[in-house]
Amino acid sequence: MSQTFVPDADPRAFRNALGRFATGVALVTVAGPQGPVGFLVNSFASVSMDPPLVLWSPARTSSRFGHFENAQHYVIHILAESHDDWMPRFARDGAGFEGLPHEVNPEGVPVIASALARFDCERHAAHDGGDHLIIVGRVLRAAMTEGAPLVFSQGRYGQFTGR
Ligand SMILES: Cc1cc2nc3c(=O)[nH]c(=O)nc-3n(C[C@H](O)[C@H](O)[C@H](O)COP(=O)(O)O)c2cc1C
């Protein structure tokens, strides 16, 4: 039986209902003043084909928010099933890029070659998203490899087994 609730009165239930929407997982990267910074998100979405636009939304309360808020260039990496060990790495107080091999793209942004897909973005727009900021990027170039995506739903990671 379905349960009805008002998000303002029951934010936990709201969060749980949102978790019913299965997503992939992405790592957004920028060149920070002290080195590469990564932000693990599931708020990635495609927006437009012409021009090529994608979006994601960082929380304003995140310790990394300042690195991404006004970034002119950033890279969105779509994680493969084999990247589930990146979760603790990019959680609060995780190791981040320490010991993680990477290169830089022509805009100087750190890129990780093993990503399932990669979108090198230039800042296009940013919109109010309540306690998040909706950042829209124009995709300057993209790359992809073969493999299976990491899937996230209801707080758990898993595999996609299509029919
Ligand atoms: C699967 C997954 C998806 C996430 N998606 C988002 C997101 O879309 N936006 C966001 O602001 N934080 C998201 N987070 C949380 C951030 O990764 C957050 O930065 C992290 O919990 C560490 O907090 P800190 O940035 O304050 O250090 C997500 C975390 C996980 C594990």
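1. A quick word on terms: two strands pair if DSSP finds at least two bridges between them, and strands (E, at least two residues) and helices (H or I, at least four) are DSSP runs numbered from the N terminus. This is a predicted model, in which local features need pLDDT of at least 70, side-chain atom pairs count only at pLDDT 80 or more, and totals for chains, interfaces and linings use all residues. Residues are numbered from 1 along each chain as its sequence is written, and side-chain values use heavy atoms, with hydrogens and water left out.

2. Strand β11 (residues 151-153) runs antiparallel to β12, joined by three bridges. Here Ser 153 sits opposite Arg 156 of β12.

3. Both strands belong to an open, antiparallel sheet of three strands in the order β1-β11-β12. β1 (23-24) and β12 (156-158) each have a single partner strand, so one side of each is left without a neighbour in the sheet.

4. Have a look at β9 too. Six bridges pair it with β6 in the antiparallel sense, and 12 bridges join β9 to β10, also antiparallel. Arg 118 of β9 is the bridge partner of His 77 and also pairs with Ala 143 in β10. The β9-β10 hairpin has two residues between its strands, and Gly 130 in the turn has a positive phi of about 65°.

5. On to the interior. The largest nonpolar core (buried Ala, Val, Leu, Ile, Met, Phe, Trp, Tyr and Cys residues joined through side-chain atoms within 4.5 Å; buried means under 20% relative accessible area, with a 1.4 Å probe and protein chains only) has 19 residues, and Val 28, Trp 56, Phe 68, Tyr 74 and Ile 76 touch the most other members.

Technical notes. Buried means under 20% relative accessible area, exposed over 50%, partly exposed in between (1.4 Å probe, protein chains only).
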